[in-house]
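Me: Please take one part of the model below and look at it closely. I would like a connected account of what surrounds that part, with each term given its cut-offs.

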Amino acid sequence: MLTALALSAVALFGATAAQAEQGDRLKEEAMKPKVIFFDVNETLLNLEGVRSSVAEALGGREDLLPLWFSTMLHHSLVETATGRFHPFGEVGVAALMMVAETNGVELTEEDAKTAILEPLKSLPPHPDVRPGLEALKEQGYTLVSLTNSSNAGVKAQLENAGLADLFDRMLTVEDTKIYKPNLAVYEWALDRMGVEPEEAMMVAAHGWDIAGIKAAGMQGVFVARPGKALYPLAIPPDFVVADLGELAEAMKQRAQ
């Protein structure tokens, strides 16, 4: 496992210092996963298209994009905490309306929907994603998506991105009416796939998702996408990679 110093670097600097140790860490005695789960938005798919349309809806205020995204995540947790559920796209639209209102930007609900719902369905994959997933499939791994998006939404996303054929299952929180990182979501996904937490690995580019993954007892892989960092107070991930190609190569070495 990572040393205490390396873990501190992971938490504070987005995990780049830990990547050099990847091969050795993946050869440790962790159980080979029977299933590898993947977060979708930002982990697999590039959100720049949505960011551009949201910034345009906010009158070109690109500085408000982080506030919109954090407001969306915040209120998805509000949904879970209050026992309510609206699809993630609707939460995103509501968050955009809130950000516009609090920053003096005129925005209709219809314009907010136009900025989010359609662009979200046609996000391109990061360049490393398809080759990385193909390499993992060739190694015999069962690949499953687990996302806050809706069932129809993730199906459209993965089909439009040319990735749907690589996944054995597509699971979403829509069936649980509970958003990640609530532990019930991971437990439900494990039950659906018939595996124990230690038999499963999940890959994500979000510190909050890694926090849930590790609290649920799963093996966690943090993909250090640009601008992403781990939550320093959470249980650290088992592995840190720059992209899915690095993960696939490391898993191949681990099996040898």
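Reply: What follows is a close look at strand β1 and its surroundings.

The model is predicted, so local features are reported only at pLDDT of at least 70 and side-chain atom pairs only at pLDDT 80 or more, whereas totals for chains, interfaces and linings use all residues. Residues are numbered from 1 along each chain as its sequence is written, and side-chain values use heavy atoms, with hydrogens and water left out.

As a setting, the protein chain has 11 helices and 6 strands (DSSP runs numbered from the N terminus, H or I of at least four residues for helices and E of at least two for strands). Of its 256 residues, 51% are buried, where buried means under 20% relative accessible area, exposed over 50% and partly exposed in between, with a 1.4 Å probe and protein chains only.

Strand β1 spans residues 35-38, and both of its faces are covered, with V35 and F37 buried on one side and I36 and F38 buried on the other. In a regular strand the side chains alternate between the two faces of the sheet.

Strand β1 is joined by 4 bridges to the parallel strand β2 (residues 142-147), and 4 bridges also join β1 to strand β4 (residues 200-204), again in parallel; two strands count as paired if DSSP finds at least two bridges between them. Within this arrangement F37 has V144 as its bridge partner in β2 and stands opposite M202 in β4.

Apart from neighbours within four places in sequence, F37 is in contact (heavy atoms within 4.5 Å) with residues that include V144, L146, L171, L190, M202 and M218. A200, another of the residues that F37 contacts, lies in strand β4 and counts as buried because its relative accessibility is 0%. With the same neighbours left aside, A200 is in contact with P33, V35, F37, L190, V195, M218 and Q219.

F37 and F38 also belong, with W68 and L96, to the residues with the most contacts inside the largest nonpolar core, which has 79 residues; such a core is a set of buried Ala, Val, Leu, Ile, Met, Phe, Trp, Tyr and Cys residues joined through side-chain atoms within 4.5 Å. Helix α5 (residues 88-102) gives the most to this core, with 7 residues. In soluble globular proteins, nonpolar side chains tend to be buried together.
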